[in-house]
Amino acid sequence: MSGDRPITIVGGGLAGLTLGIALRQRDVPVTLWEAGRYPRHRVCGEFISGRGQQVLARLGLGEILAGAVRAQTAVFFAGRNRSPIRALPEPALCLSRHALDHRLAGEFHRLGGDLRENARWPQNDFPEGVVRATGRRPQPQKHHWRWFGLKAHGKNIPLAADLEMHVSHSGYVGVNRINGGEVNVCGLFRARPGGDRPDAAFDRLRGETGSPLRERLAGVQMDEASFCSVAGLSLAPHRAVDRKECCVGDTLTMIPPVTGNGMSMAFESAELAVAPLLAYSRENASWPDAQRSIARACDAAFSGRLRWARRLQRLMLSPLLQSPIGSLVLRSEWLWQFMFTRTR
């Protein structure tokens, strides 16, 4: 409808692009600002597990996932301890962000959206009609730790399961098969001030000396063009109703990557924002009402997951997991099923 109020989305990641596509499907005028250019690599587990697959299906975007690898098994390693190879309660789909973001951007453009690549949002605030989807918010170091993420692709990496999670005292690395015969190696790490800089720490992705991960990646040539990093990550859960701006995706809150639910939450938050934004665009709701509706819906959908994810994050980084007791923890089928369900 030509008289609809326009929506501006700042940030062209998963949440921003999915929201833009859904609004364009409903003929809402949408302008999307993206600081980068597609295709590009992003630090990401590239692992869609949970309700995100259903969101894409409901939006008619199933073909976007063409070529995705179906992940059905997982295994955890912590020091000398390891879990059994387990079937995932729900299969995941694994697709590189290089391909996925590019396809989503193409669909948004095909639907008539105004996509502004290599263009930073020129304002410091996010006024009425503007949705912030700029990704992970940086934070100062907390408790003398700073968090950073690293990602790279490799080929011909032997894996015991479709997803391997390797835990150490300073973080964890997820390794999973993706499209094109490649394997995604993505890690979250913590460091003390004056320690490794993210741009000089890619060797961390190969694991500690003598670890199963180091053995997996021995002699593997990583794709240098896929190397990327992000620093200053905030893993503290946030409530959407406390945000001053209208937010979706990681801008709203970031779930610890160990859950494998971050991509799904990005898609879900975008879908939750569609109806309130459509009401605003059609002049059936005010901007504050639309923003509150989105915030309340996201808090209702994600608050429980975030609480359990925080507990799982602490467990993954606890020395307990690499102790003899940790072997029992990793072998607990009940704990595996419980944590998988609670973080989705």
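In this predicted model, helix α1 lies across three strands, β1 (7-10), β2 and β7 (130-132). Its direction makes an angle of about 165 degrees with that of β2. The three strands belong to an open sheet of five, ordered β6-β2-β1-β7-β13, with parallel pairing. The edge positions are taken by β6 and β13 (246-247); each has a single partner strand, so one side of each is left without a neighbour in the sheet. At the β6 edge, three bridges pair β2 with β6 in the parallel sense. Within this part of the sheet, Leu32 stands opposite Leu115 of β6.

Helix α3 comes next. It covers residues 97-110, and its length can be checked against the expected rise: at 1.5 Å a residue, its 14 residues should span 20 Å, and the end C-alpha atoms are 19 Å apart, which agrees. The buried residues of α3 are Arg97, Ala99, Leu100, Asp101, Leu104, Ala105, Glu107 and Phe108. The spacing in such a list can be read against helix geometry. An α-helix has 3.6 residues a turn, so residues three or four places apart point the same way. The cover over the buried residues of α3 includes α1 (14-25), β2 (30-33), β6 (114-116) and α5 (262-281). Just after the helix, Gly112 adopts a positive phi of about 95 degrees.

What does Leu104 contact, once its neighbours within four places in sequence are left aside? The partners are Leu14, Leu17, Thr18, Ile21, Leu61, Ile64 and Phe267. Leu104 is also one of the residues that touch the most other members of the largest nonpolar core, together with Ile7, Leu19, Leu100, Val131 and Leu277. That core holds 54 residues. Two or more residues come from each of β1, α1, β2, α2 (52-58), α3, β13, α5 and α6 (287-316). The most is given by α5, with nine residues. Another core, of 29 residues, lies apart from this one, and its members include Phe47, Ala74, Ala92 and Leu335.

The account now moves to the antiparallel strands. Strand β8 covers residues 146-155 and contains Lys151. Is Lys151 buried or exposed? Its relative accessibility is 0%, and Lys151 therefore counts as buried, the cut-off being under 20%. A polar atom of the Lys151 side chain lies 2.8 Å from the backbone oxygen of Arg42. Strand β8 is joined to β11 by ten bridges, and the two run antiparallel. Across this pairing, Ala152 stands opposite Val185 in β11.

Strand β11 itself spans residues 182-191 and is also joined to β10, by seven bridges, again in the antiparallel sense. One bridge here pairs Tyr172 with Leu188 of β11. Why can β11 be called largely enclosed by the rest of the structure? Ten of its ten residues are buried, so the description follows from the count. The burial applies to both faces: one side carries Glu182, Asn184, Cys186, Leu188 and Arg190, while the other carries Val183, Val185, Gly187, Phe189 and Ala191.

Strand β10 (residues 171-177) has six of its seven residues buried, so this strand too is largely enclosed by the rest of the structure. The hairpin of β10 and β11 has four residues between the strands, and in it Gly180 takes a positive phi near 75 degrees. Strand β10 also pairs with β9 (residues 163-168), in the antiparallel sense and over six bridges. In that pairing, Asn176 of β10 is the bridge partner of Leu163. The connection from β9 to β10 is a hairpin through two residues.

A last stop is Ser303, in helix α6, one of the elements that give two or more residues to the largest nonpolar core. Ser303 has a relative accessible area of 31%, which means that it is classed as partly exposed. Its side chain reaches the backbone oxygen of Asp299 at 2.9 Å. From Ser303 to Pro256 the separation is 47 residues in sequence and 13 Å in space, taken from C-alpha to C-alpha.

Technical notes: Residues are numbered from 1 along each chain as its sequence is written. This is a predicted model: local features need pLDDT of at least 70, side-chain atom pairs count only at pLDDT 80 or more; totals for chains, interfaces and linings use all residues. Side-chain values use heavy atoms; hydrogens and water are left out. The expected span of a helix is 1.5 Å times one less than its number of residues. Buried means under 20% relative accessible area, exposed over 50%, partly exposed in between (1.4 Å probe, protein chains only). Contact means heavy atoms within 4.5 Å. Two strands pair if DSSP finds at least two bridges between them. Axes are lines fitted to C-alpha atoms, for helices over the stretch in contact, and angles run from 0 to 180 degrees between N-to-C directions. A nonpolar core is a set of buried Ala, Val, Leu, Ile, Met, Phe, Trp, Tyr and Cys residues joined through side-chain atoms within 4.5 Å. A polar contact is a pair of N or O atoms within 3.5 Å; within protein, one must be able to donate a hydrogen and the other to accept it, and residues adjacent in sequence count only if both atoms are side-chain atoms.
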